[in-house]
Each structure stands twice: as structure tokens, then as C-alpha cells.
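I opened a fresh page for this one. Here is the structure I had in front of me.

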Amino acid sequence: MKTTRIVLASRPTGTPADENFRTETVELESPPPGSALLQTLYLSLDPYMRGRMSDAPSYAPPVEVGATMVGATVSRVLESTDPALSSGDIVLGYGGWQTHSVERVRHLRKLDPAAAPLTTALGVLGMPGFTAYSGLLTIGQPKAGETVVVAAATGPVGATVGQIAKINGARAVGIAGGPRKVELLREHFGFDAAIDHRAPDFAEQLAAATPDGIDVYFENVGGAVLDAVLPRLNKFARIPVCGLVSQYNDSELPPGPDRMGLLMGLILRKSLTLRGFIQTEFLDQFDRFQADMAGWIDAGRVAYLEDVVDGLDHTVEAFRGLLTGKNLGKLVIKVAD
Ligand code: NAP
């Protein structure tokens, strides 16, 4: 069995370029005991992958130059040496940017194709949905009547944050790039207010949309959005720091004066709680998340949006678009039928 895979050819500086990747077809080993040979059906593309392309200090080791790019996958079992899986089963794994993989069965989760569309295991019912759930409820702790603000709000993390905030009785304000996304925030996801971060009067619009200030800011992006949010924060506001996607392609600090003193002063005066997190810290909540989220989707209380791009050969281009907002919802590559 052969696999066609995309390997990291060199480490990108700034926006990843085509030359930073190489596509190659190689022979796969036969699955050793306790393993399965898998055919990738769907590959998840996520912002964290930009960090794996770099060897800067991170919470996870980088992908080695010459190695297959990592990523969560939904795959079909072609052959298994472990009785827990049979050929034809569908599993969630971590096969990476390739058409086939051999994985340890204990690292795979069997999916029920009748329970939910397979792609949702990579989005609203998977890691991004869980990130929103665990980060918002554990750190953000939204209460009835409070105002919750989130950016990248049509993406799988942000959209889920806004809707869980509403389920908890809070007012949800979503920030996204462009009029089409802003409309989706209101019409499809039911945000109470929606703002375009590219609008020239974005800070004024945010102030108008948060007349009672901001109690929870779920930080997905950093940069200019954070700048506009800071003066709106209420005393005792909570800020789960989930991601800083506006900075992922940066290779140096932004120009301008050092604003650390301003931020620390604000944290002190307003008794703010800022806490970074990686969703794996909260994995003991995963079963509860799955039950809650499946119930909310069935009851029509959580909607989701997926952007499925056909063909592994479009992966690099689609990934670049993810970091600049070209995706409309959870970005997934369809690798095979
Ligand atoms: P996503 O929303 O599907 O994609 C990223 C979005 O970021 C883009 O669509 C774009 O949306 C927005 N964006 C890009 N540059 C921006 C800028 N300069 N200013 C404002 N927005 C910008 O991604 P996701 O998978 O839901 O992830 C959202 C965040 O959660 C990311 O920061 C990611 O790294 C983080 N995350 C963290 C964890 C964790 O465990 N801590 C786990 C999963 C994800 P617009 O077009 O709307 O601007």
C-alpha cells in the first residue's frame, strides 16, 4: 500500500509558501500488531498547525523537516491487526496530511456514521467544539445577563463559544471579517450583535455593541481586536486566552511602543483574570462535552458551519486561507469519498 503525503520541506518565514512543502508518494509499512491501515477520508486544518511548522518554543514539539505534516483525520479502516477494529470501520485519528496511514489502534476512536456527519468529529463535536466548551465554561464562567465577546466568531471555536454563552443566559457579541461573515453571525448562529473587525470604525462599533462593558472576552485572535476590547473590559472580567491567530505568521514583535505596562496596569485596576489554556488540560470533561453538545445540536440550540475543500492537493492553499479568514466555518479537506 502506498500513501501520498505532504511533508514539511523547510520552515516557513511569515506566510507558509508552496516551497515549504513537498508532495511525495511512498510505500507504507504493513500494520504491526495492535495497529490498523487507514484510508483518510477527511483531514482537519487548524490554526495550531502553523506553530508545528516552526521550531520556536511551544507547548508541543515541531514537525521535523522532511516529516509528514500532522493533523486530525477521519479515516476508513482497510486492515486491522487488533480485534477492536474491523475493516470498514470509521475512526477518528491523527493520520496527518496524507491519503493513507498506519496508526496504533489505542490512539483511534471509533465513530458511528449514523450518529452525526463524519466531519463534525473534527469540528463542533471534536477538538474545536471542545476547546470552546472547556475554555468558556471553566475559565470564562459566563453568567446570565453578562456580555461575552469572541472573535473568529464564524470559526468552529468562536461560533461555539457564542452559542454556549447564550445557552448560559449571557449576551453574545461576535467579531468576524467581512459582511458575509457578520450576516452569518446574526442569521445562522444567533449572536445578539455582530461586528466586522475590518470596518474603519470597528472600535466605535464594539463600544456601541457592548453598552454594559465586557465580562468575558474569549481571546482567539489578539492584535487590533484585543486593543479595541481592553478599554471595554469590566471589573472582574475573565479572559480565557485560547489563541492569537493574528500573530501566527509573525516572525518578530509588532512595531510600536512596549504596551506591557498598560496591560499590567489594566489587569491590576480591573482585577482581571487572564488564563491561557490548551484544551487537552480539560480532557476529563470530554464525555460531558459530547453529551451536552450532541443534545444542543439535536435541540437546535447549537448550529455549525463547515467549509469542505475537495482534494489533498489543495491543502497548502486552504491552510494559508485559514490564517487570513478565507474559510467560512470549520475547514476540512475531503481526501477521499
Ligand atoms: P477559525 O476561526 O476557523 O480560523 C481562524 C480565523 O481567524 C479566520 O477565519 C479569521 O476569521 C480569523 N483571523 C485571522 N486573522 C485575523 C486577524 N488579524 N484579526 C482577527 N481575526 C483574524 O479557527 P478555529 O479553529 O476556530 O480557531 C480559533 C482560535 O482558537 C485560533 O486562535 C486557534 O489557534 C485557537 N485554538 C486554540 C486551542 C487551544 O487548545 N488553546 C484549540 C483549538 C483552537 P475572520 O475572517 O472572521 O477574521
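My entries below go through a helix, a cavity and one residue.

Setup. I worked with a predicted model, where local features need pLDDT of at least 70, side-chain atom pairs need 80 or more, and totals for chains, interfaces and linings use all residues. Residues are numbered from 1 along each chain as its sequence is written, and side-chain values use heavy atoms, without hydrogens and water.

Helix H9. I looked up residues 315-322, a helix by DSSP (an H or I run of at least four residues; strands are E runs of at least two; both numbered from the N terminus). In H9, 6 of the 8 residues are buried (under 20% relative accessible area, 1.4 Å probe, protein chains only). Among them are Val-316, Phe-319 and Leu-322. The buried residues of H9 pack against several elements, including strand E1 (2-8), helix H1 (48-52) and strand E15 (330-334); contact here means heavy atoms within 4.5 Å.

Thr-73. Is this residue buried or exposed? Thr-73 has 0% relative accessibility, so I noted it as buried. I found Thr-73 in strand E4 (residues 73-80). Not counting residues up to four places away in sequence, Thr-73 touches Thr-40, Tyr-42 and Leu-122, among others.

Cavity. Where does the largest cavity lie? Domain 1 (2-123 + 305-334) and domain 2 (127-281) both give residues to its lining, so the largest cavity lies between them; the domain bounds come from an automatic or database assignment. I also noted that helix H3 (residues 156-167) gives the largest share of that lining, 3 residues. A cavity is a set of points on a 1 Å grid over the protein atoms alone where a 1.4 Å probe fits but cannot get out, and lining residues have an atom within 4 Å of a point.

Key: Buried means under 20% relative accessible area, exposed over 50%, partly exposed in between (1.4 Å probe, protein chains only).
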